[in-house]
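This report looks at how one chain is divided, how its parts meet, and where its backbone takes less common forms. The sequence and the structure come first, and the discussion follows.

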Amino acid sequence: MTETSHAVIVLAAGAGTRMKSKTQKTLHAIGGRTLLSHSLHAADALHPSRIVAVVGHGRDQVGPAAETIGEELDAELAIAVQEEQNGTGDAVAAGMTQLEDFEGTVIVTNADVPLLTGDTLTELLAAHTEVPTAVTVLTMRLPDPFGYGRIIRNEQGEVTHITEQKDATDAEREVDEVNSGVFAFDAGVLRDALTRLNTDNKQGELYITDVLGIARDAGRPVRAHIADDARELAGVNDRVQLAAAGAELNRRTVEAAMRGGATVVDPGTTWIDVEVQVGQDVTILPGVQLKGRTTLADDVTVGPDSTLVDVTVGEGASVVRAHAVEAVIGARADVGPFTYLRPGTVLGEESKLGGFVESKNATIGKGSKVPHLSYIGDATVGEYSNIGASSVFVNYDGVNKHHTTVGSHVRTGSDTMFIAPVTVGDGVYSGAGTVIKDDVPAGALVVSGGHQRNIEGWVERKRPGTPAAEAAKNARESAD
(Lines give C-alpha, C1' and ligand atoms only; values in the text may rest on other atoms or scores of the structure.)
Protein backbone atom coordinates (compact mmCIF):
# COMPACT_ATOMS: atom_id res chain seq x y z
CA MET A 1 0.00 0.00 0.00
CA THR A 2 1.32 3.44 -0.90
CA GLU A 3 1.56 5.85 2.02
CA THR A 4 1.28 9.61 1.93
CA SER A 5 2.21 12.22 4.56
CA HIS A 6 5.67 12.21 6.14
CA ALA A 7 8.22 9.97 7.83
CA VAL A 8 11.39 10.63 9.82
CA ILE A 9 14.83 9.03 9.65
CA VAL A 10 16.98 9.54 12.76
CA LEU A 11 20.69 8.83 12.22
CA ALA A 12 22.32 7.14 15.24
CA ALA A 13 25.06 5.06 13.65
CA GLY A 14 28.18 7.12 14.39
CA ALA A 15 31.08 5.90 16.48
CA GLY A 16 31.29 8.97 18.73
CA THR A 17 34.92 8.27 19.61
CA ARG A 18 35.42 11.74 21.10
CA MET A 19 33.13 10.80 23.98
CA LYS A 20 35.82 8.31 25.07
CA SER A 21 33.21 6.00 26.53
CA LYS A 22 32.10 2.39 26.52
CA THR A 23 28.60 3.77 26.04
CA GLN A 24 27.65 4.70 22.50
CA LYS A 25 27.43 8.47 22.08
CA THR A 26 23.68 8.79 21.59
CA LEU A 27 23.00 6.86 24.80
CA HIS A 28 24.54 9.53 27.00
CA ALA A 29 21.85 11.51 28.78
CA ILE A 30 20.86 15.08 29.57
CA GLY A 31 17.68 16.23 31.26
CA GLY A 32 16.63 12.69 32.14
CA ARG A 33 16.68 11.35 28.58
CA THR A 34 19.38 9.98 26.33
CA LEU A 35 20.37 11.99 23.27
CA LEU A 36 18.67 9.30 21.20
CA SER A 37 15.48 9.61 23.24
CA HIS A 38 15.39 13.39 22.83
CA SER A 39 15.74 13.00 19.06
CA LEU A 40 13.09 10.29 18.76
CA HIS A 41 10.61 12.24 20.89
CA ALA A 42 11.19 15.35 18.75
CA ALA A 43 10.53 13.26 15.65
CA ASP A 44 7.38 11.83 17.22
CA ALA A 45 6.07 15.36 17.79
CA LEU A 46 5.64 15.59 14.00
CA HIS A 47 3.06 12.75 14.14
CA PRO A 48 4.83 10.93 11.31
CA SER A 49 3.66 7.78 9.59
CA ARG A 50 6.88 6.06 10.60
CA ILE A 51 10.18 6.76 12.36
CA VAL A 52 13.31 4.90 11.34
CA ALA A 53 16.33 4.81 13.66
CA VAL A 54 19.55 4.00 11.79
CA VAL A 55 22.08 2.19 13.98
CA GLY A 56 25.65 1.08 13.29
CA HIS A 57 28.43 1.49 15.84
CA GLY A 58 27.27 0.07 19.16
CA ARG A 59 24.17 -1.38 17.55
CA ASP A 60 23.92 -3.96 20.34
CA GLN A 61 23.35 -1.03 22.71
CA VAL A 62 21.51 1.43 20.49
CA GLY A 63 19.07 -0.97 18.83
CA PRO A 64 17.48 -2.27 22.04
CA ALA A 65 17.47 1.26 23.50
CA ALA A 66 15.64 2.58 20.45
CA GLU A 67 13.08 -0.23 20.66
CA THR A 68 12.43 0.60 24.32
CA ILE A 69 11.97 4.28 23.50
CA GLY A 70 9.69 3.29 20.64
CA GLU A 71 7.21 1.87 23.14
CA GLU A 72 6.68 5.43 24.41
CA LEU A 73 6.06 6.92 20.96
CA ASP A 74 2.84 7.30 19.04
CA ALA A 75 4.49 6.63 15.69
CA GLU A 76 5.62 3.21 14.50
CA LEU A 77 9.39 2.81 15.00
CA ALA A 78 11.61 0.68 12.76
CA ILE A 79 15.33 -0.09 13.10
CA ALA A 80 17.70 0.01 10.13
CA VAL A 81 21.34 -1.08 10.24
CA GLN A 82 24.17 0.71 8.49
CA GLU A 83 26.59 -2.17 8.11
CA GLU A 84 29.65 -0.03 7.31
CA GLN A 85 29.89 3.63 8.17
CA ASN A 86 30.46 5.20 4.77
CA GLY A 87 29.02 8.66 5.32
CA THR A 88 25.66 10.29 5.85
CA GLY A 89 24.41 9.35 2.39
CA ASP A 90 25.02 5.69 3.13
CA ALA A 91 23.25 6.04 6.50
CA VAL A 92 20.16 7.60 4.92
CA ALA A 93 20.16 4.88 2.26
CA ALA A 94 20.07 2.32 5.08
CA GLY A 95 17.12 4.15 6.60
CA MET A 96 15.25 4.19 3.30
CA THR A 97 15.26 0.39 3.23
CA GLN A 98 12.52 0.66 5.86
CA LEU A 99 10.54 3.10 3.69
CA GLU A 100 10.47 1.22 0.39
CA ASP A 101 6.81 1.93 -0.38
CA PHE A 102 6.68 5.37 1.20
CA GLU A 103 5.71 8.41 -0.86
CA GLY A 104 5.67 11.83 0.74
CA THR A 105 8.18 13.84 2.76
CA VAL A 106 11.13 12.26 4.51
CA ILE A 107 12.65 14.27 7.34
CA VAL A 108 16.26 13.34 8.12
CA THR A 109 17.67 14.33 11.49
CA ASN A 110 20.44 13.22 13.85
CA ALA A 111 20.44 11.54 17.23
CA ASP A 112 23.27 13.73 18.55
CA VAL A 113 21.24 16.97 18.32
CA PRO A 114 19.19 16.67 21.53
CA LEU A 115 18.02 20.27 21.74
CA LEU A 116 16.13 20.20 18.46
CA THR A 117 12.43 20.59 19.19
CA GLY A 118 9.36 19.18 17.54
CA ASP A 119 8.24 22.76 16.89
CA THR A 120 11.28 23.46 14.73
CA LEU A 121 10.83 20.22 12.83
CA THR A 122 7.19 21.16 12.27
CA GLU A 123 8.28 24.52 10.86
CA LEU A 124 10.73 22.76 8.53
CA LEU A 125 8.00 20.42 7.33
CA ALA A 126 5.64 23.35 6.72
CA ALA A 127 8.29 25.27 4.80
CA HIS A 128 9.00 22.21 2.67
CA THR A 129 5.38 21.43 1.81
CA GLU A 130 3.83 24.88 1.39
CA VAL A 131 5.29 25.06 -2.13
CA PRO A 132 6.50 22.13 -4.27
CA THR A 133 10.08 21.47 -3.15
CA ALA A 134 12.50 18.62 -3.75
CA VAL A 135 14.79 19.34 -0.81
CA THR A 136 14.60 21.78 2.09
CA VAL A 137 17.63 22.07 4.32
CA LEU A 138 17.34 23.39 7.86
CA THR A 139 20.07 26.00 8.29
CA MET A 140 21.41 28.31 10.97
CA ARG A 141 23.57 31.38 11.09
CA LEU A 142 26.71 31.23 13.24
CA PRO A 143 29.22 33.96 14.10
CA ASP A 144 31.95 31.31 13.83
CA PRO A 145 30.92 28.72 11.21
CA PHE A 146 34.20 26.78 11.28
CA GLY A 147 33.71 23.07 10.74
CA TYR A 148 30.22 23.32 9.30
CA GLY A 149 29.09 22.82 5.71
CA ARG A 150 28.34 26.20 4.10
CA ILE A 151 25.03 26.94 2.42
CA ILE A 152 25.69 28.31 -1.06
CA ARG A 153 22.81 30.22 -2.63
CA ASN A 154 22.26 31.77 -6.05
CA GLU A 155 21.08 35.32 -6.72
CA GLN A 156 17.47 34.23 -6.31
CA GLY A 157 18.22 32.92 -2.82
CA GLU A 158 17.78 29.27 -3.76
CA VAL A 159 20.30 26.74 -2.47
CA THR A 160 22.68 25.54 -5.15
CA HIS A 161 24.79 23.24 -2.98
CA ILE A 162 26.44 22.68 0.39
CA THR A 163 30.20 22.77 0.64
CA GLU A 164 31.91 20.95 3.49
CA GLN A 165 34.63 22.78 5.44
CA LYS A 166 37.45 20.71 3.93
CA ASP A 167 36.14 21.19 0.40
CA ALA A 168 35.23 24.90 0.65
CA THR A 169 37.01 27.72 -1.16
CA ASP A 170 38.21 30.75 0.77
CA ALA A 171 35.14 32.70 -0.35
CA GLU A 172 32.77 29.92 0.65
CA ARG A 173 34.33 29.73 4.11
CA GLU A 174 33.23 33.34 4.70
CA VAL A 175 29.55 32.30 4.48
CA ASP A 176 27.90 32.29 7.93
CA GLU A 177 24.79 30.27 6.98
CA VAL A 178 25.54 26.64 7.62
CA ASN A 179 24.05 23.21 7.29
CA SER A 180 22.43 21.78 10.41
CA GLY A 181 22.40 18.23 9.05
CA VAL A 182 18.59 18.20 9.16
CA PHE A 183 16.65 17.95 5.88
CA ALA A 184 13.22 17.49 4.36
CA PHE A 185 13.21 15.47 1.13
CA ASP A 186 10.65 14.45 -1.39
CA ALA A 187 10.80 10.67 -0.97
CA GLY A 188 10.99 9.97 -4.71
CA VAL A 189 13.74 12.52 -5.28
CA LEU A 190 15.71 11.16 -2.33
CA ARG A 191 15.33 7.54 -3.38
CA ASP A 192 16.59 8.30 -6.90
CA ALA A 193 19.43 10.60 -5.77
CA LEU A 194 20.81 8.06 -3.31
CA THR A 195 21.60 5.78 -6.25
CA ARG A 196 23.66 8.57 -7.85
CA LEU A 197 25.92 9.49 -4.92
CA ASN A 198 29.68 8.99 -5.24
CA THR A 199 32.73 9.31 -3.02
CA ASP A 200 34.46 12.02 -5.07
CA ASN A 201 35.42 14.17 -2.07
CA LYS A 202 38.29 14.51 0.38
CA GLN A 203 36.62 12.24 2.94
CA GLY A 204 35.91 9.51 0.41
CA GLU A 205 32.38 9.15 1.76
CA LEU A 206 28.83 9.37 0.47
CA TYR A 207 27.46 12.78 1.47
CA ILE A 208 23.71 13.27 1.90
CA THR A 209 24.36 16.91 1.07
CA ASP A 210 25.17 15.90 -2.52
CA VAL A 211 21.48 15.10 -2.98
CA LEU A 212 20.86 18.84 -3.23
CA GLY A 213 23.07 19.20 -6.29
CA ILE A 214 21.58 16.11 -7.91
CA ALA A 215 18.08 17.50 -7.40
CA ARG A 216 19.02 20.89 -8.84
CA ASP A 217 20.68 19.31 -11.87
CA ALA A 218 17.37 17.56 -12.49
CA GLY A 219 15.60 20.92 -12.42
CA ARG A 220 14.00 20.34 -9.01
CA PRO A 221 13.77 23.23 -6.50
CA VAL A 222 16.05 23.22 -3.45
CA ARG A 223 15.37 25.64 -0.62
CA ALA A 224 16.47 26.40 2.93
CA HIS A 225 14.65 27.20 6.15
CA ILE A 226 16.65 29.15 8.73
CA ALA A 227 16.07 28.01 12.32
CA ASP A 228 15.06 30.73 14.76
CA ASP A 229 17.47 29.54 17.46
CA ALA A 230 20.82 28.09 16.43
CA ARG A 231 21.28 26.65 19.93
CA GLU A 232 18.71 23.98 19.09
CA LEU A 233 21.03 22.58 16.43
CA ALA A 234 24.18 22.28 18.52
CA GLY A 235 25.64 18.81 18.07
CA VAL A 236 27.11 16.73 20.88
CA ASN A 237 30.42 15.07 20.07
CA ASP A 238 32.28 15.09 23.38
CA ARG A 239 31.72 15.48 27.12
CA VAL A 240 32.20 19.25 27.00
CA GLN A 241 29.46 19.64 24.41
CA LEU A 242 27.30 17.19 26.38
CA ALA A 243 27.54 19.40 29.46
CA ALA A 244 26.83 22.54 27.42
CA ALA A 245 23.75 20.94 25.86
CA GLY A 246 22.59 19.78 29.28
CA ALA A 247 22.92 23.28 30.70
CA GLU A 248 20.99 24.81 27.81
CA LEU A 249 18.25 22.20 28.05
CA ASN A 250 17.99 22.80 31.80
CA ARG A 251 17.77 26.56 31.25
CA ARG A 252 14.77 25.98 29.00
CA THR A 253 13.13 23.55 31.42
CA VAL A 254 13.58 25.76 34.48
CA GLU A 255 12.32 28.78 32.56
CA ALA A 256 9.23 26.82 31.50
CA ALA A 257 8.53 25.95 35.15
CA MET A 258 8.76 29.62 36.12
CA ARG A 259 6.50 30.71 33.27
CA GLY A 260 4.08 28.03 34.41
CA GLY A 261 3.73 29.63 37.82
CA ALA A 262 6.61 28.29 39.93
CA THR A 263 9.11 30.38 41.85
CA VAL A 264 12.68 29.20 41.29
CA VAL A 265 14.86 31.15 43.70
CA ASP A 266 18.18 30.28 42.06
CA PRO A 267 17.84 28.92 38.51
CA GLY A 268 21.61 28.45 38.32
CA THR A 269 21.58 25.70 40.97
CA THR A 270 18.23 24.14 40.05
CA TRP A 271 18.07 21.12 37.75
CA ILE A 272 14.77 19.86 36.36
CA ASP A 273 14.45 16.89 34.01
CA VAL A 274 12.23 17.23 30.97
CA GLU A 275 9.53 14.83 32.19
CA VAL A 276 9.11 16.52 35.58
CA GLN A 277 5.76 18.21 36.19
CA VAL A 278 5.69 21.35 38.33
CA GLY A 279 2.44 22.93 39.55
CA GLN A 280 1.59 26.55 40.28
CA ASP A 281 2.78 28.51 43.30
CA VAL A 282 5.51 25.95 43.85
CA THR A 283 8.66 27.30 45.50
CA ILE A 284 11.95 25.69 44.52
CA LEU A 285 14.85 26.77 46.73
CA PRO A 286 18.57 26.65 45.77
CA GLY A 287 20.33 23.35 45.19
CA VAL A 288 17.29 21.31 44.11
CA GLN A 289 17.34 18.47 41.57
CA LEU A 290 14.01 17.20 40.26
CA LYS A 291 14.64 14.08 38.22
CA GLY A 292 12.85 11.36 36.30
CA ARG A 293 9.07 11.69 36.37
CA THR A 294 8.78 13.64 39.59
CA THR A 295 5.51 15.55 40.01
CA LEU A 296 5.00 18.56 42.27
CA ALA A 297 1.41 19.61 42.97
CA ASP A 298 0.45 23.23 43.63
CA ASP A 299 1.86 25.13 46.62
CA VAL A 300 4.71 22.68 47.26
CA THR A 301 8.01 23.92 48.71
CA VAL A 302 11.18 21.97 47.89
CA GLY A 303 14.67 22.67 49.14
CA PRO A 304 17.15 23.88 49.73
CA ASP A 305 19.51 21.06 48.75
CA SER A 306 16.99 18.34 47.89
CA THR A 307 16.96 15.62 45.23
CA LEU A 308 13.71 13.96 44.16
CA VAL A 309 13.77 11.09 41.67
CA ASP A 310 10.42 9.74 40.42
CA VAL A 311 8.63 11.22 43.41
CA THR A 312 5.03 12.42 43.65
CA VAL A 313 4.55 15.35 46.03
CA GLY A 314 1.06 16.38 47.10
CA GLU A 315 -0.40 19.86 47.36
CA GLY A 316 1.12 22.10 50.01
CA ALA A 317 3.80 19.64 51.12
CA SER A 318 7.24 20.77 52.28
CA VAL A 319 10.48 18.90 51.50
CA VAL A 320 13.63 20.31 53.11
CA ARG A 321 17.15 18.95 52.55
CA ALA A 322 15.92 15.50 51.62
CA HIS A 323 16.75 12.75 49.14
CA ALA A 324 13.81 10.74 47.85
CA VAL A 325 13.51 8.01 45.21
CA GLU A 326 10.27 6.42 43.94
CA ALA A 327 8.26 7.73 46.87
CA VAL A 328 4.90 9.43 47.43
CA ILE A 329 4.64 12.43 49.73
CA GLY A 330 1.10 13.34 50.66
CA ALA A 331 -0.60 16.72 50.70
CA ARG A 332 0.60 19.08 53.43
CA ALA A 333 3.16 16.54 54.65
CA ASP A 334 6.52 17.64 56.05
CA VAL A 335 9.82 16.00 55.13
CA GLY A 336 13.26 16.85 56.43
CA PRO A 337 15.79 18.02 57.05
CA PHE A 338 18.38 15.35 56.21
CA THR A 339 15.78 12.71 55.40
CA TYR A 340 16.12 9.74 53.03
CA LEU A 341 12.97 8.34 51.42
CA ARG A 342 13.80 5.10 49.64
CA PRO A 343 11.59 3.33 47.08
CA GLY A 344 8.16 2.28 48.29
CA THR A 345 7.74 5.04 50.85
CA VAL A 346 4.18 6.41 50.94
CA LEU A 347 3.74 9.34 53.29
CA GLY A 348 0.11 10.24 54.04
CA GLU A 349 -1.54 13.63 54.23
CA GLU A 350 -0.34 15.94 57.00
CA SER A 351 2.23 13.40 58.13
CA LYS A 352 5.92 13.89 58.86
CA LEU A 353 9.31 12.31 58.32
CA GLY A 354 11.73 14.46 60.26
CA GLY A 355 15.44 15.01 60.70
CA PHE A 356 17.78 12.09 60.04
CA VAL A 357 14.96 9.65 59.31
CA GLU A 358 15.29 6.91 56.70
CA SER A 359 12.30 5.07 55.26
CA LYS A 360 11.89 2.20 52.80
CA ASN A 361 8.80 0.33 51.61
CA ALA A 362 6.80 1.99 54.35
CA THR A 363 3.28 3.42 54.38
CA ILE A 364 2.71 6.12 56.98
CA GLY A 365 -0.88 7.15 57.55
CA LYS A 366 -2.52 10.55 57.70
CA GLY A 367 -1.18 12.77 60.46
CA SER A 368 1.38 10.26 61.69
CA LYS A 369 4.91 11.35 62.53
CA VAL A 370 8.38 9.84 62.57
CA PRO A 371 10.15 12.99 63.72
CA HIS A 372 13.72 12.15 64.71
CA LEU A 373 16.70 9.89 64.11
CA SER A 374 14.77 6.77 63.11
CA TYR A 375 14.62 3.99 60.52
CA ILE A 376 11.29 2.70 59.27
CA GLY A 377 11.37 -0.09 56.71
CA ASP A 378 8.85 -2.70 55.54
CA ALA A 379 6.18 -1.19 57.73
CA THR A 380 2.64 0.16 57.85
CA VAL A 381 1.74 2.88 60.33
CA GLY A 382 -1.86 3.95 60.86
CA GLU A 383 -3.22 7.46 61.32
CA TYR A 384 -2.13 10.05 63.90
CA SER A 385 0.56 7.88 65.47
CA ASN A 386 3.90 9.16 66.77
CA ILE A 387 7.11 7.11 66.60
CA GLY A 388 9.59 8.21 69.26
CA ALA A 389 13.09 9.45 68.53
CA SER A 390 15.80 6.91 67.67
CA SER A 391 13.33 4.12 66.97
CA VAL A 392 14.17 1.33 64.55
CA PHE A 393 11.93 -1.04 62.63
CA VAL A 394 14.12 -4.14 62.67
CA ASN A 395 12.94 -5.70 59.43
CA TYR A 396 15.80 -8.03 58.42
CA ASP A 397 16.73 -11.27 60.13
CA GLY A 398 19.83 -11.82 58.02
CA VAL A 399 17.98 -13.88 55.43
CA ASN A 400 14.49 -12.44 54.92
CA LYS A 401 12.69 -9.12 55.29
CA HIS A 402 9.63 -9.00 57.57
CA HIS A 403 6.78 -6.53 57.99
CA THR A 404 5.73 -4.45 60.99
CA THR A 405 2.21 -3.06 61.42
CA VAL A 406 1.57 -0.18 63.81
CA GLY A 407 -2.00 0.96 64.40
CA SER A 408 -3.53 4.41 64.68
CA HIS A 409 -3.08 6.84 67.59
CA VAL A 410 -0.03 4.93 68.83
CA ARG A 411 2.57 6.68 70.98
CA THR A 412 5.96 4.98 71.23
CA GLY A 413 8.76 6.12 73.48
CA SER A 414 12.26 7.00 72.33
CA ASP A 415 14.51 4.14 71.28
CA THR A 416 11.71 1.65 70.63
CA MET A 417 12.79 -1.39 68.62
CA PHE A 418 10.13 -3.16 66.51
CA ILE A 419 11.39 -6.71 65.85
CA ALA A 420 9.49 -7.79 62.72
CA PRO A 421 7.21 -9.52 62.08
CA VAL A 422 5.11 -7.84 64.72
CA THR A 423 1.79 -6.02 65.04
CA VAL A 424 1.12 -3.14 67.44
CA GLY A 425 -2.57 -2.38 67.97
CA ASP A 426 -4.40 0.95 67.96
CA GLY A 427 -3.80 3.33 70.86
CA VAL A 428 -0.72 1.50 72.19
CA TYR A 429 1.92 3.30 74.25
CA SER A 430 5.49 2.04 74.69
CA GLY A 431 8.09 2.99 77.24
CA ALA A 432 11.48 4.43 76.28
CA GLY A 433 13.96 1.76 75.26
CA THR A 434 11.29 -0.90 74.69
CA VAL A 435 12.09 -3.86 72.48
CA ILE A 436 8.82 -5.10 70.97
CA LYS A 437 9.17 -8.74 69.91
CA ASP A 438 5.57 -9.91 70.26
CA ASP A 439 2.25 -8.52 69.13
CA VAL A 440 0.78 -5.79 71.37
CA PRO A 441 -3.01 -5.59 71.84
CA ALA A 442 -4.87 -2.32 71.36
CA GLY A 443 -4.70 0.11 74.24
CA ALA A 444 -1.80 -1.59 76.05
CA LEU A 445 1.33 -0.07 77.55
CA VAL A 446 4.31 -2.14 76.47
CA VAL A 447 7.66 -2.11 78.33
CA SER A 448 10.50 -4.58 78.13
CA GLY A 449 13.17 -3.45 80.60
CA GLY A 450 13.48 -4.64 84.20
CA HIS A 451 14.21 -2.52 87.27
CA GLN A 452 17.31 -0.36 87.02
CA ARG A 453 20.34 -1.78 88.88
CA ASN A 454 23.28 0.40 90.01
CA ILE A 455 26.58 -1.39 90.81
CA GLU A 456 28.36 1.17 92.93
CA GLY A 457 32.14 1.51 92.79
CA TRP A 458 32.38 -0.51 89.57
CA VAL A 459 34.43 2.06 87.63
CA GLU A 460 37.07 2.52 90.35
CA ARG A 461 37.43 -1.24 90.71
CA LYS A 462 37.34 -2.24 87.05
CA ARG A 463 38.90 0.81 85.37
CA PRO A 464 41.49 2.04 87.87
CA GLY A 465 43.73 4.86 86.72
CA THR A 466 41.35 6.11 84.04
CA PRO A 467 40.04 9.70 83.96
CA ALA A 468 36.57 8.32 84.68
CA ALA A 469 37.81 6.52 87.79
CA GLU A 470 39.62 9.63 89.00
CA ALA A 471 36.50 11.78 88.44
CA ALA A 472 34.36 9.25 90.33
CA LYS A 473 36.84 9.15 93.22
CA ASN A 474 36.91 12.94 93.47
CA ALA A 475 33.10 13.14 93.40
CA ARG A 476 32.81 10.49 96.15
CA GLU A 477 35.37 12.22 98.34
CA SER A 478 33.68 15.57 97.88
CA ALA A 479 30.34 14.04 98.89
CA ASP A 480 31.90 12.54 102.01
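Strands are here DSSP runs of E with at least two residues, numbered from the N terminus. By that convention, in this predicted model, Pro421 has its place in the loop between strand 34 (417-419) and strand 35 (422-424), and the peptide bond that leads from Ala420 to Pro421 is cis, with omega near 0 degrees. A cis peptide bond also joins Gly303 and Pro304, where omega is about 0 degrees, and Pro304 lies in the loop that runs between strand 18 (301-302) and strand 19 (307-309). Phe338, found in the loop between strand 24 (334-335) and strand 25 (339-341), is a residue other than glycine with a positive phi, near 60 degrees. As a general background to such sites, most residues other than glycine have a negative phi, and most peptide bonds are trans.

The loops that hold these sites are set out below.

| Residue | Strand before the loop | Strand after the loop |
|---|---|---|
| Pro304 | strand 18 (301-302) | strand 19 (307-309) |
| Phe338 | strand 24 (334-335) | strand 25 (339-341) |
| Pro421 | strand 34 (417-419) | strand 35 (422-424) |

Turning to the sheet, three strands form an open arrangement in the order 33-36-38, with parallel pairing. Strand 33 (411-412) and strand 38 (445-446) are the edge strands, each of them pairing on one side only. Strand 36, which covers residues 429-430, pairs with strand 38 in the parallel sense over two bridges, and Ser430 has Val446 of strand 38 as its bridge partner.

On the scale of the whole chain, the domain assignment gives domain 1 (6-233) and domain 2 (262-446), and the centres of domain 1 and domain 2, taken over C-alpha atoms, are separated by 48 Å. How many residues bring the two domains into contact? Five residues of domain 1 are in contact with four residues of domain 2, and between them the two domains bury about 340 Å², of which 47% is on carbon and sulfur atoms.

The count of salt bridges between domain 1 and domain 2 is two. The side chains of Arg293 and Glu72 meet in a salt bridge at 3.8 Å, N to O. On the side of domain 1 that touches domain 2, the residues divide into no nonpolar, three polar and two charged. Three residue pairs, with both residues at pLDDT 80 or more, are in polar contact between domain 1 and domain 2.

Terms used. Residues numbered from 1 in each chain as written. Predicted model: local features only at pLDDT ≥ 70, side-chain atom pairs only at ≥ 80, totals over all residues. Heavy atoms only, no water. Pairing = 2+ DSSP bridges. Helix = DSSP H or I, 4+ residues; strand = E, 2+ residues; numbered from the N terminus. Domains from an automatic or database assignment. Contact = heavy atoms within 4.5 Å. Buried area = accessible area lost by both parts, 1.4 Å probe. Salt bridge = Lys/Arg side-chain N within 4 Å of Asp/Glu carboxyl O. Polar contact = N/O pair within 3.5 Å; in protein donor to acceptor, adjacent residues only side chain to side chain. Nonpolar A, V, L, I, M, F, W, Y, C, P; charged D, E, K, R; others polar.
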